[in-house]
Amino acid sequence: LVAFFKLQADMRSIDNGSESKTKTLNLPLDRNGMAVYLGVDRSSLSRELSKMKSEGLIDFNKNKFKILY
């Protein structure tokens, strides 16, 4: 899941012509849309996102994500 976020952030920074060290992205999907896209259960996705946030890997608010590592 972190690899997915990192890839999305890298692709957006390339599209914008920047090599920002902070990887922040806004996903155009809600949790249900993300779960469908990734082929996982929505509750499992939410649990994993919360776990990654508590481990300091990511931070998020709604569909805005920041990769912290």
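**View 1. Lys-53 parks its charged end over the ring of Phe-60.** The distance to the ring centre is 4.6 Å; to count, NZ of Lys or CZ of Arg must be within 6 Å of the ring centre and within 35 degrees of the ring normal. Keep in mind that this is a predicted model, where local features need pLDDT of at least 70, side-chain atom pairs count only at pLDDT 80 or more, and totals for chains, interfaces and linings use all residues. Numbering starts from 1 along each chain as its sequence is written, and side-chain values use heavy atoms, with hydrogens and water left out.

**View 2. The largest nonpolar core has 10 residues.** Its members are Leu-25, Leu-27, Met-34, Ala-35, Leu-45, Leu-49, Met-52, Ile-58, Phe-60 and Phe-65. Such a core is a set of buried Ala, Val, Leu, Ile, Met, Phe, Trp, Tyr and Cys residues joined through side-chain atoms within 4.5 Å, and buried means under 20% relative accessible area (1.4 Å probe, protein chains only). At least two residues come from each of α2 (31-38), α3 (42-54) and β2 (58-61), with α3 giving the largest share, 3 residues. Helices (H or I, at least four residues) and strands (E, at least two) are DSSP runs, numbered from the N terminus.

**View 3. Arg-31, in helix α2, is buried without a salt bridge.** A salt bridge would put a side-chain nitrogen of Lys or Arg within 4 Å of a carboxyl oxygen of Asp or Glu, but the nearest side chain of opposite charge, Asp-30, is 7.8 Å away. Beyond four places in sequence, Arg-31 has contacts (heavy atoms within 4.5 Å) that include Leu-45, Phe-60 and Phe-65.

Key:
Buried < 20%, exposed > 50% of the residue type's maximum accessible area, 1.4 Å probe, protein only. Lys, Arg positive; Asp, Glu negative; His and termini not counted.
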